[in-house]
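Dear colleague,

I am passing on a structure that you have not worked with before, and below it I have set out what was found. Please read the notes with the structure open beside them.

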Amino acid sequence: MKRSIPLLLLLSSAFPSFAASSWTDFRLGDSSFVGVDYMFSSVKLSGEDAKPKLAGLKAGFSLYEQISLEADYLQGTSTDDVVGLEFDVEDSKGLYLLFKSGDDTSFGVDVTLGYASTKLTVTGDENDYRSSEEYNGFSWGISFYDSFPAYKNLQMKLGYKSLYDDNNIKIDGFTLGFNYYF
């Protein structure tokens, strides 16, 4: 907990303050976006740590100038074998509120908060073991983004996303992706 307080202070300083402004200063958003992500995931289950890979698509539109609604779909591209068990994150679907610190054409930080449904399959050689579970719950992420000088509408993002976190299982990972705003 002590480590998270400085991180929260740092993140809060990156976002604009609306404390002195009235609600009429909020401007409705007029942009939408599509994007692709590649996720280097980690599945921690019963002391094992598998690293399957995922690729995905996302789309969103701005509700206000720096708040967007985003829908994500991630599909497993590879599995990982740990002690005779093969871990496969088949897919993950999520709906998020995206809070941006800057505009679409500059460096900034964004935070996503939402809900994800992630399907995980574990198979093994011993007695043809197979388990397929769907994990639903709170999901969040943080990303750093910047645009390219020649292509103001194209944004590169590097981030971290937690798809599911419980006492027994944690599905998360680092993402690298691109968004295109129009």
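A good place to begin is Asp72 and its surroundings. Leaving aside the neighbours within four places in sequence, Asp72 is in contact with Leu57, Lys58, Ser92, Lys93, Gly94, Tyr96 and Lys161. Please keep in mind throughout that this is a predicted model. Asp72 itself belongs to strand 4, which covers residues 67–78, and with a relative accessible area of 9% Asp72 is buried, because the cut-off for that word is under 20%.

Among those contacts, the one with Lys161 deserves a closer look, since a polar contact of 2.4 Å joins the side chains of Asp72 and Lys161. The side chains of Lys161 and Asp72 also meet in a salt bridge, again listed at 2.4 Å from N to O. Because Lys161 lies in strand 9 (residues 154–165) while Asp72 lies in strand 4, this pair ties together parts that are 89 residues apart in sequence. Lys161 counts as buried as well, at 8% relative accessibility, so that a buried lysine faces an aspartate whose own relative accessible area is 9%.

As general background, side chains of opposite charge can pair when their charged atoms come close. In this model the count comes to 7 salt bridges, and two further examples may help you to find your way around.

One of them involves strand 9 again: the side chains of Lys157 and Asp110 meet in a salt bridge of 2.8 Å, taken from N to O. Lys157 is in strand 9 and Asp110 in strand 7 (residues 108–124), and the pair therefore ties together parts that are 47 residues apart in sequence. Lys157 counts as buried at 5% relative accessibility, and Asp110 likewise counts as buried, at 1%.

The other example brings back Lys93, which was named above among the contacts of Asp72. The side chains of Lys93 and Asp91 meet in a salt bridge of 3.4 Å, from N to O. Here the two partners fall into separate classes of exposure, for Lys93 is partly exposed, with a relative accessible area of 40%, whereas Asp91 counts as buried at 14% relative accessibility.

If you would like a single route through the model, you could start at Asp72 in strand 4, cross its salt bridge to Lys161, and then turn to Lys157, which is also in strand 9 and pairs with Asp110 in strand 7.

With best wishes

Methods:
Residues are numbered from 1 along each chain as its sequence is written. This is a predicted model: local features need pLDDT of at least 70, side-chain atom pairs count only at pLDDT 80 or more; totals for chains, interfaces and linings use all residues. Side-chain values use heavy atoms; hydrogens and water are left out. Helices (H or I, at least four residues) and strands (E, at least two) are DSSP runs, numbered from the N terminus. Buried means under 20% relative accessible area, exposed over 50%, partly exposed in between (1.4 Å probe, protein chains only). A polar contact is a pair of N or O atoms within 3.5 Å; within protein, one must be able to donate a hydrogen and the other to accept it, and residues adjacent in sequence count only if both atoms are side-chain atoms. Contact means heavy atoms within 4.5 Å. A salt bridge is a side-chain nitrogen of Lys or Arg within 4 Å of a carboxyl oxygen of Asp or Glu.
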